[in-house]
Amino acid sequence: MSLGTAALADNHGGDEPQDRALVILTSDSLQTQGMAMILSNAMQQQGTDLHILLCDAAGHLAVEGYESAEAINTPPSNPAGQVKPEGILQMLMEKGAQVDVCAIYLPNSDLGEDNLREGVGVAAPGPMAEMMRDPSIPVYSF
């Protein structure tokens, strides 16, 4: 096997994606939540495997049936017009993003795992800390 073939096999044959990112969203600000989701969407479109961690007020986005009070306007170049952060989150999940709420979100609310959107998990501190410490995984916090 030539060096080029070996490098190609390493880049495309393994179980670990080459381009990963962790997005941590805690803000209760509608525009910050929207910006985090729009940027996450752009990263996903560019081939990034996303893991999104929702904590504090942003955890509400993971609750089944939750709706933001209002939509946000997108930039003029975006044909969507208006979006809600939870709508973009759902779209990201449908395209493969892994979404979890913080380990302390549910115990500090009157909600249970059965209240979360289908596919949303509860983060475990150990594995989450491993991701945060991994120099190959950038962490973005909003």
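Two strands count as paired if DSSP finds at least two bridges between them, and with that in mind you can select Asp100, which stands opposite Gly121 in strand E6. What you have open is a predicted model, and this tour begins at that edge of its sheet.

**The sheet**

Keep E6 selected and add strand E5 (98-101), since these two strands run parallel and are joined by two bridges. Next, bring in strand E2 (49-54), which also runs parallel to E5 and is joined to E5 by four bridges; on this seam, Leu54 stands opposite Val101 in E5. Now select E1, residues 20-25, and then E7, to which E1 is joined by three bridges, again with the two strands running parallel. If you pick out Ile24, you will find that its bridge partner in E7 is Ser141.

With all of these strands shown, the five form an open sheet with parallel pairing, in the order E6-E5-E2-E1-E7. The edge strands are E6 (121-122) and E7 (139-141), each of which pairs on one side only.

**Helices on the sheet**

Select helix H2, residues 30-45, which packs on the sheet and touches E1, E2 and E7, with a direction that makes about 170° with that of E1. Then turn to helix H4, residues 125-133, which also packs on the sheet; H4 touches E1, E2, E5 and E7, and its direction makes about 115° with that of E1.

**The largest pocket**

Return to H2 and ask which residues line the largest pocket. To see them, select Ile38, Asn41, Ala42, Gln45, Thr74, Asn78, Ala80, Val83, Ile88 and Met91. The pocket that they surround has a volume of about 160 Å³. H2 gives the most to this lining, with four residues, while H2 and helix H3 (85-94) each supply at least two residues. Colouring the lining by residue type will show six nonpolar residues, four polar ones and no charged ones.

**The salt bridge**

For the last stop, where does the structure hold its one salt bridge? Select Lys84 and Glu67, whose side chains meet at 3.6 Å, taken from N to O. This pair links distant parts of the chain, with the two residues 17 residues apart. Lys84 lies in the loop between strand E4 (82-83) and H3, whereas Glu67 lies in the loop between E2 and strand E3 (72-73).

Definitions and conventions:
Residues numbered from 1 in each chain as written. Predicted model: local features only at pLDDT ≥ 70, side-chain atom pairs only at ≥ 80, totals over all residues. Heavy atoms only, no water. Contact = heavy atoms within 4.5 Å. Axes fitted to C-alpha atoms, helices over the stretch in contact; angles between N-to-C directions. 1 Å grid on protein atoms, 1.4 Å probe; cavity = no way out; pocket = protein on both sides within 12 Å on 5 of 7 lines; lining within 4 Å. Points joined across faces, edges and corners; volume = space filled by probe spheres on them. Nonpolar A, V, L, I, M, F, W, Y, C, P; charged D, E, K, R; others polar. Salt bridge = Lys/Arg side-chain N within 4 Å of Asp/Glu carboxyl O.
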